[in-house]
Amino acid sequence: MIVQWLDPMLVLALLVNFFMLGASRLRAVIYAVAFQGVLLGVMPIFVRGEVGWWLGLLVIATIIIKGIVLPELVSYAMREVFISREIDPVVSFVPSLLLGAAGTGLALGYARTLPLAPNHSGSLIVPASLATVLTGFLILTTRRKAITQAVGYLVLENGIFLFGLLLIEAMPFLVEIGVLLDLFVCVFVMGIIIHHINQEFSSVSTEHLARLKD
Amino acid sequence: MIWSLIVIPLGMAAVVFAVPSNRWRPWLVPLACLVHLALVVVALQQPALTSRGHWLVLDPLGKVFLGLISLLFLLCTFYTAGYLSKEQERSNRIFCTCLLLSLSMMALVILSHHLGLMWVAMEATTLTMAPNLYFHRGPRSLEATWKYLLICSVGIALALLGSFFLAYSTLHAGLEESTLFFDDLMRDAPNLSRPWMHAAFVLLFVGYGTKMGLAPMHTWLPDAHGEAPAPVSALLSGALLPCAFLAILRIYHICVAAGDAAFARQIMLWIGLLSMATAAVFMIRQRDFKRLLAYSSVEHMGILVIGIAIGGWATFAALLHVINNGLTKAGLFLSAGNIQSAFGSKQTDDVSGALRRAPFSGGLFLAGFLAITGSPPFGPFVSEFSILTAAFGTGQYWAGSLYLLLLLIVFLGMGATVVGVVLGAPPETAGKAPFRESLWNAAPIVALMALVLILGLNLPASLTDLLQQAATFLETGR
């Protein structure tokens with residue numbers, strides 16, 4: 001494992017999380033998610049230290065799906081359904097950032113209690129993964145638009161992919177099936193585009209999706 | 001042989017998709033389910049079916065669930081065929097195809113003996129059920145479907161992270177050839193790293209618990225049940241939620257094998273009681289009787305995990321309750337669907353006197369209410385009462401008393417709404433809706449309630465044996 005290269009990349013991925021929590025433009029967040037996707041895509045090379053045909057395929061597929069296809073799909077939906085470009089947060093940007101920082105701190109603290117296998121010791125993978133999952137949660141729950149929730153889900157997924165880096169040698173199958181989570185993102189975005197969430201609610205804000213309650 | 005339980009509904013789904021006639025297509029679905037049930041009955045007779053490579057195994061635990069969902073699919077799709085004949089103007093191609101795909105994927109959840117494969121199947125059930133929730137279109141169904149997809153997919157994502165954790169716990173243990181086959185995990189369980197396993201259990205329990213509808217992750221469930229067509233609600237409640245419960249049982253099984261059941265049981269007990277309490281609060285003065293039934297599902301999912309948490313005799317009772325609750329809840333949702341059609345509303349303000357307007361459905365709805373709240377002589381009484389006696393028998397007095405108190409609150413809260421719906425005089429404005437009780441919309445409910453009654457009066461010896469085997473399998477791993 002080429003740890004000296006991997007850890008700076010993980011830190012970069014964490015910084016992208018903070019950027020997403022603080023950004024007020026939807027387009028900026030989509031670019032950030034795409035960048036994080038590409039970053040994640042190349043990480044397996046640094047975990048393995050060598051590139052076989054299987055790993056190469058995984059790297060290319062991840063970069064294409066997480067870095068290009070899904071962000072492109074989301075921005076297509078944004079243009080198609082005329083979603084306004086401002087993010088409409090329930091929790092505004094500064095508190096979001098503070099929550100994100102607290103989450104990252106918690107992730108670092110909790111990851112310490114989990115023992116790592118000898119060849120992984122000292123790696124930032126576990127805290128980075130948990131912090132990214134928490135960021136995804138935060139975006140999912142504190143942003144009003146349906147499309148931002150889809151982006152939040154993408155971030156959550158990225159966090160899970162990060163954890164998969166630990167298993168990439170032992171259980172490649174499990175890491176591969178993680179790609180299936182992308183299906184949900186596709187369904188969300190397709191749902192926004194095809195099933196006229198726009199027409200029926202006049203805007204794609206989930207505030208309008210609040211008729212069902214007790 | 002074992003693959004056919006999954007492949008045949010899959011093949012029939014393709015056939016159903018290809019059939020051009022909107023009128024005849026829905027009738028092919030119960031036919032496919034009948035074939036599936038016949039196969040299941042044959043499979044249940046076998047000692048243990050295993051596919052090559054141990055990807056699929058029909059163990060005693062799986063037998064209980066497989067028999068239940070196959071039977072429920074047959075009865076509910078029979079009802080569906082009649083239901084859809086009234087809605088000829090809307091294409092039912094996707095609806096029918098997705099029903100069969102769901103059956104296939106649920107069978108895969110039950111049979112798969114690999115952590116990853118089970119997760120894939122669970123994700124597939126989430127996706128295949130979604131179009132059926134959205135059958136009636138409209139903003140309310142859209143909202144329900146969106147919530148269902150979003151919340152359940154977060155749950156599924158957490159379950160994947162939990163699976164990763166569990167996989168890492170085998171890696172950390174330094175096992176050679178670490179795999180995710182349940183048999184291997186069970187064998188290696190005592191060596192797995194505890195901190196990782198605990199974290200994995202919590203994530204998997206929360207993830208699959210979201211799908212199962214346990215509080216506080218249940219929020220999608222009342223909306224989905226409230227807006228979905230009646231037979232879809234029945235299948236969600238009777239078949240899909242138990243599948244998620246089975247997934248939790250698989251993980252619990254590994255905890256048992258690791259000698260770490262106490263940790264899992266404690267979490268399950270509290271979440272179970274919380275689910276019952278949440279359901280009880282929302283059932284009081286509930287004005288929408290389909291949502292009422294949805295909260296009843298939350299309550300009963302809570303009862304199931306409480307049963308497992310109490311252990312011993314209650315494990316047997318919880319497995320029996322999976323069957324009792326599945327059959328009763330399906331009967332309740334289908335009769336509620338008839339009442340909704342008869343009055344054109346599911347609000348208690350508009351509905352009263354269902355016994356006069358739709359005597360069969362109203363009567364069966366009332367019987368279903370008595371059954372699900374644990375009144376003798378119906379099946380749920382036996383299982384709910386057994387869990388109670390097991391709680392007191394094993395000295396868990398607090399849990400037992402809380403459980404009893406919550407059952408009582410639910411009985412009163414649910415009773416007030418149900419009595420208002422069933423008894424009294426129908427309002428003047430209602431009764432104009434073109435609804436008539438007939439063979440297709442009454443027979444499945446009669447069959448379901450008859451089964452519930454039989455299970456309450458006399459548990460067949462073969463079923464007792466099967467449940468006993470399943471409970472022993474779960475408690476000891478054999």
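R285 of chain B is where I will begin. With 11 C-beta neighbours inside 10 Å, R285(B) counts as exposed, because the cut-off for exposed is 12 or fewer. R285(B) sits in the loop between α11 (261-283) and α12 (289-310) of chain B. Its phi is positive, about 60 degrees, although R285(B) is not a glycine. Keep in mind that this is a predicted model, so the angle is a computed one, like every other value in this talk.

A second residue in chain B goes with it. H54(B) also has a positive phi of about 60 degrees and is not a glycine. H54(B) lies in the loop between β1 (49-50) and β2 (57-58) of chain B. Is H54(B) buried or exposed? Neither: H54(B) counts as partly exposed, because it has 14 C-beta neighbours inside 10 Å, and partly exposed is the class between 12 or fewer and 20 or more.

Staying with the backbone of chain B, there are cis peptide bonds to go through. One runs from A215(B) to P216(B), with omega near 0 degrees. P216(B) is placed in the loop between α8 (194-212) and α9 (220-227) of chain B. Another joins P376(B) and P377(B), and here omega is about 5 degrees. P377(B) belongs to the loop between α15 (359-372) and α16 (379-393) of chain B.

One more residue in chain B, this time in a helix. V42(B) is in helix α2 (residues 25-45) of chain B. V42(B) is partly exposed, because 13 other C-beta atoms lie within 10 Å. Between the C-alpha atoms of V42(B) and K86(B) there are 35 Å, for a separation of 44 residues along the chain.

Now chain B as a whole. Its secondary structure comes to 19 helices and two strands. The C-alpha atoms fill a box of roughly 70 × 55 × 45 Å along the principal axes. What radius of gyration does chain B have, and what would a compact globule have? Chain B has 21 Å, and a compact globule with 478 residues would be near 23 Å, so the two agree. Of the 478 residues in chain B, 62% are buried. Among contacts in chain B between residues at least 6 apart in sequence, 81% join residues at least 24 apart.

Next, chain A. The count here is nine helices and zero strands. Of the 214 residues in chain A, 45% are buried. Of the contacts in chain A with a separation of 6 or more, 73% are between residues 24 or more positions apart.

The helix to look at in chain A is α3, residues 53-80. It has 28 residues and spans 38 Å from first C-alpha to last, close to the 40 Å expected at 1.5 Å a residue. Where is the kink in α3(A) centred? On I65(A), with a bend of about 30 degrees. The buried residues of α3(A) include L58(A), T62(A), K66(A), L70(A), V74(A) and M78(A). Also buried in this helix are G67(A), P71(A), L73(A) and A77(A). As background, residues three or four places apart in an α-helix point the same way, because there are 3.6 residues a turn.

On to the contact between the chains. Chain A puts in 36 residues and chain B 33 residues. On the chain A side, the elements giving two or more residues are α5, α6 (146-164), α7 (172-177), α8 (181-194) and α9. Which of these gives the largest share? That is α6(A), with seven residues. By type, the chain A side divides into 26 nonpolar, six polar and four charged residues.

Last, confidence. For the complex the predictor gives an ipTM of 0.90 and a pTM of 0.93. Chain B has a mean pLDDT of 91, and 97% of its residues reach 70 or more. Chain A averages 83, with 87% of the residues scoring at least 70. Among the elements of chain A, α5 (residues 125-142) has the highest mean pLDDT, 92, and α9 (residues 197-201) the lowest, 47. Over residues 199-204 of chain A, pLDDT stays under 50, and the model has 13 contacts for that stretch beyond four places in sequence. Where pLDDT is low, the predicted coordinates should not be read in detail. Helix α9 of chain A is also among the elements that give two or more residues to the side touching chain B.

Methods
Residues are numbered from 1 along each chain as its sequence is written. Chains are lettered from A and ligands numbered from 1 in the order in which they are written. This is a predicted model: local features need pLDDT of at least 70, side-chain atom pairs count only at pLDDT 80 or more; totals for chains, interfaces and linings use all residues. Helices (H or I, at least four residues) and strands (E, at least two) are DSSP runs, numbered from the N terminus. The expected span of a helix is 1.5 Å times one less than its number of residues. The bend at a residue is the angle between axes fitted to the seven residues ending there and the seven starting there. pLDDT is the predictor's confidence in each residue, from 0 to 100. Two residues are in contact if their C-beta atoms, placed from the backbone, lie within 7 Å. Ala, Val, Leu, Ile, Met, Phe, Trp, Tyr, Cys and Pro count as nonpolar, Asp, Glu, Lys and Arg as charged, and the others, Gly among them, as polar. The radius of gyration is taken over C-alpha atoms; the globule rule is 2.2 Å times the number of residues to the power 0.38.
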